[in-house]
Amino acid sequence: MSHSLTPRDTGNLPALAARPLIRLDAYVAEDGSTVVNGHLLEMGGSGRRKPNETILDAIAMFARTLGAPVAATVIDRTVMQVARLRVYPDGSSRTIADEDDLPPGLERTAAEEEAFPPLARVERIIQHAQHEELHAAFVLASALREHLTLRRGAEDDLSLEARAIEAYLAYLRADYTLSITLALTVARIRCRTDLNRAAPDVARATAAWQRLMDEGQVATRGQELLHMWERLSAEGLLLEPAHQAMAHTVRSRLDQRGRPVPAPAPVPALPVGHSPMAPEDKPLKPTRRGLRRFTRKPGRTPAP
């Protein structure tokens, strides 16, 4: 795969202050690794503090600095939930329902991303990768992709770029099954929304597919890739010799199996009013109000 891991702007740093009503974000990976505003706070493993305590402490620090309550959205993959919080300068917190959260909209999203720029988070991911800290880089990329997808939808350009970075990091970690899943999602969306830009994404997915050993995965993923390459060819968009070679490699590998290549299943239309999401993404359940692990009484501090 050909994603570059060279920082584009070494001077890009997160903004030092955010307005009190800007929502912060936090993420708990499946192994318990904890991220707040694009910063990895704790790695998963034994002997660490509970992720919810780490998150509440970090957000309470923002509230004390600002002297005002802070809003936060927490994606917790250990319990497959998304929680929305208010955290106060005294360290207390409460969970709130979706309808009590800060008003959504492009203006608020822009303000939040100005305070904590996605590009600065990408630079941090790159730095971890360059130091061969691939697990840390992957967790940060997953957190970025999850929150961008939650805010903007899976088809947004920033969400797609974050997913492509996540796919490349999975490739570097030799998790080719996850890499092909992520990369194919990007390629699938590109083929549907902007075919002129799809060829590099289909190529990245093909690079991960070439590493697969499971015959079932080789067949099903290869069939979809082949149809993508054939569509690009039919539209006169298969121009790069390297891409032509990849398309030939997919066809040859499938032909060696001696099985016909069926057409891929059509993608169902989205219901009106629904934000686009990738079918491979595991759905998150909204938390109920008063969820105990993210609730602190005034003056209560966690055990060290």
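Which helices each supply at least two residues of the lining of the second largest cavity? In this predicted model, they are α3 and α4. The legends below begin with that cavity.

**Figure 1. Close-up of the second largest cavity, with a volume of about 40 Å³.** The cavity is lined by Asp25, Phe116, Pro118, Arg121, Leu144, His147, Leu148 and Arg151. At least two of the lining residues come from α3, and at least two from α4. The largest share belongs to α4, which supplies 4 residues to the lining of the second largest cavity. Sorted by class, the lining holds 4 nonpolar residues, 1 polar residue and 3 charged residues.

**Figure 2. Close-up of the largest cavity, with a volume of about 60 Å³.** The residues lining this cavity are Asp25, Val35, Gly38, Arg121, Ile125, Leu140, Ala143 and Leu144. Helices α3 (118–130) and α4 each provide at least two of the lining residues. Helix α4 makes the largest contribution to the lining of the largest cavity, with 3 residues. The lining comprises 5 nonpolar, 1 polar and 2 charged residues.

**Figure 3. Residues that line both the largest and the second largest cavity.** Asp25, Arg121 and Leu144 appear in the lining of the largest cavity and also in that of the second largest cavity. Among the other residues of the largest cavity are Val35, Gly38 and Ile125, whereas the second largest cavity is also lined by residues including Phe116, His147 and Arg151. For the model as a whole, the count is 3 cavities of 30 Å³ or more.

**Figure 4. Close-up of the second largest pocket, which holds about 410 Å³ of space.** The lining of this pocket consists of 21 residues. Nearest the centre of the pocket lie Glu30, Arg145, Glu146, Glu166 and Leu178. By class, the lining contains 11 charged residues, 6 nonpolar residues and 4 polar residues.

**Figure 5. Helices around the second largest pocket: α4 (134–152), α5 (157–172) and α6 (176–193).** Each of these helices contributes at least two residues to the lining of the pocket. The greatest contribution is that of α4, with 6 residues. Helix α4 also supplies the largest share of the lining in the largest cavity and in the second largest cavity.

Conventions:
Residues numbered from 1 in each chain as written. Predicted model: local features only at pLDDT ≥ 70, side-chain atom pairs only at ≥ 80, totals over all residues. Heavy atoms only, no water. 1 Å grid on protein atoms, 1.4 Å probe; cavity = no way out; pocket = protein on both sides within 12 Å on 5 of 7 lines; lining within 4 Å. Points joined across faces, edges and corners; volume = space filled by probe spheres on them. Nonpolar A, V, L, I, M, F, W, Y, C, P; charged D, E, K, R; others polar.
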